[in-house]
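Please find below my notes on the model under review. They are set out as numbered points, to be read with the structure in view.

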Amino acid sequence: MEKVRVGKIVNTFGIRGELKVDAYTDFPDERFQVGNSLFVRFHNEDVELEISRHRVHKGYDLITFKDLENINFVEQYKGCFLYAYRDESLLDEDEHYVSDYIGCMVYNYDKEIGKVVDLKDNTYQDIFVVDYNGKQVLIPKVDAFVKNVDIDQKRIDVELIAGFIDED
C-alpha cells in the first residue's frame, strides 16, 4: 500500500515525549487521531508507531506515540518525516494528493513549459512549482490559469497571461 507524507517532526515539546509536527496534510484530525499509526522515516527505514495523544498548540500538531512518552525516546526523530497510508476516502471529487501532481508536465496553450516539482500550500490557493529550463515558475492553482488536470496522463494544461514566463 502506498504511503503519503503527512508531516515533519520539527522539534520535541516538553519532556513527556511530545513531538512538534509541521502538518503536510489537509486532514490532521483524521491523520493524527489517537489510535492511528504513522510511519516515521528514520535512517531510510519506516518505523510504525501508534499515536497515544494529539493536540494543537500555536499552529503545530503535538503528537505523542505509545510507549515513547519520554523525551529521551523521541529526540532522535527530530527532522524526520511522517507518513501514513494513502486514503482516497479523505478526498473530495476532483481532489488529489500533492504527490499526484509531482512529475506532471505543464503545457501553456499546448506548448510544453516544464514539469511540476512541488505544490506549495498558500493561504489563499495552492501554487504549482514548475521547473522551466532550470528556473522555478510559480503558477497559482486557480481556474483562471489552470484549464485541465489529467493525473492519469500526468498532464496539466494552463493558459498564462503574457509576461508570466520569462522566455529570455
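1. I begin with a local feature of this predicted model. D67 is located in the loop that connects β5 to α2, the latter spanning 71–74. Although D67 is not a glycine, its phi is positive, at about 65°. D67 counts as exposed because its relative accessibility is 62%, and the cut-off for that class is over 50%.

2. A second residue may be read alongside D67. K58 is placed in the loop between β4 and β5, and its phi is near 50°, again a positive value in a residue other than glycine. The hairpin formed by β4 and β5 has two residues between the strands, and it is in this hairpin that K58 takes its positive phi. With a relative accessibility of 74%, K58 is therefore classed as exposed.

3. The strand that adjoins both loops deserves its own point. Five of the six residues of β5 are buried, so that the strand is mostly covered. β5 pairs with β4 in the antiparallel sense over six bridges. Within that pairing, R53 has T64 of β5 as its bridge partner, and I51 stands opposite F65. β5 also runs antiparallel to β2, to which three bridges join it; here K20 is the bridge partner of L62 in β5.

4. How is T64 of β5 classed, buried or exposed? Its relative accessible area is 0%, which means that T64 is buried. Leaving out residues up to four places away in sequence, T64 touches R16, G17, E18, E50, I51, S52, R53 and E69.

5. These pairings belong to a wider arrangement. Six strands form a closed barrel in the order β1-β2-β5-β4-β3-β6, with antiparallel pairing. From one strand to the next, the twist averages 45°.

6. The largest nonpolar core comprises 23 residues, and those with the most contacts inside it are L38, V40, I63, F65, Y77 and L82. Two or more residues are contributed to this core by each of β1 (3–13), β2 (18–23), β3 (37–42), β4 (45–57), β5 (60–65) and β6 (81–85). Apart from this core lies another, of 18 residues, including I113, Y132, I139 and L160. As background, nonpolar side chains in soluble globular proteins tend to be buried together.

7. I63 may serve as a worked example from the largest core, being one of the residues with the most contacts inside it. When neighbours within four places in sequence are set aside, I63 is in contact with G17, E18, L19, V21, F32, L38, I51, R53, H54 and L82.

8. A separate sheet should also be examined. This open sheet has six strands in the order β10-β9-β8-β7-β12-β11, and its pairing is mixed. Which strands stand at its edges? They are β10 (135–140) and β11; each has a single partner strand, so one side of each is left without a neighbour in the sheet. Neighbouring strands of the sheet are turned against each other by 35° on average, with direction ignored.

9. The pairing at one of these edges can be specified. β11 pairs with β12, residues 155–158, in the antiparallel sense over four bridges. One of the bridge partnerships joins V146 to V158 of β12.

10. The largest pocket may be of interest for computational work. The space within the largest pocket comes to about 1000 Å³. It is lined by 32 residues, of which D26, H96, Y97, V98 and L119 are the closest to its centre. The elements that supply two or more residues to the lining are β1, α3 (98–101), β8 (111–121) and β11 (146–150).

11. Finally, some totals for the chain. The secondary structure comprises three helices and 12 strands. Of the 168 residues, 38% count as buried. Along the principal axes, the C-alpha atoms fill a box of roughly 55 × 35 × 30 Å. Among contacts in the chain with a separation of 6 or more, 50% are accounted for by residues 24 or more positions apart.

Notes. Residues are numbered from 1 along each chain as its sequence is written. This is a predicted model: local features need pLDDT of at least 70, side-chain atom pairs count only at pLDDT 80 or more; totals for chains, interfaces and linings use all residues. Side-chain values use heavy atoms; hydrogens and water are left out. A nonpolar core is a set of buried Ala, Val, Leu, Ile, Met, Phe, Trp, Tyr and Cys residues joined through side-chain atoms within 4.5 Å. Buried means under 20% relative accessible area, exposed over 50%, partly exposed in between (1.4 Å probe, protein chains only). Contact means heavy atoms within 4.5 Å. Two strands pair if DSSP finds at least two bridges between them. Axes are lines fitted to C-alpha atoms, for helices over the stretch in contact, and angles run from 0 to 180 degrees between N-to-C directions. On a 1 Å grid over the protein atoms alone, a cavity is a set of points where a 1.4 Å probe fits but cannot get out, and a pocket is an open set with protein on both sides within 12 Å along at least five of seven lines; lining residues have an atom within 4 Å of a point. Grid points are joined across faces, edges and corners, and a volume is the space filled by probe spheres set on the points.
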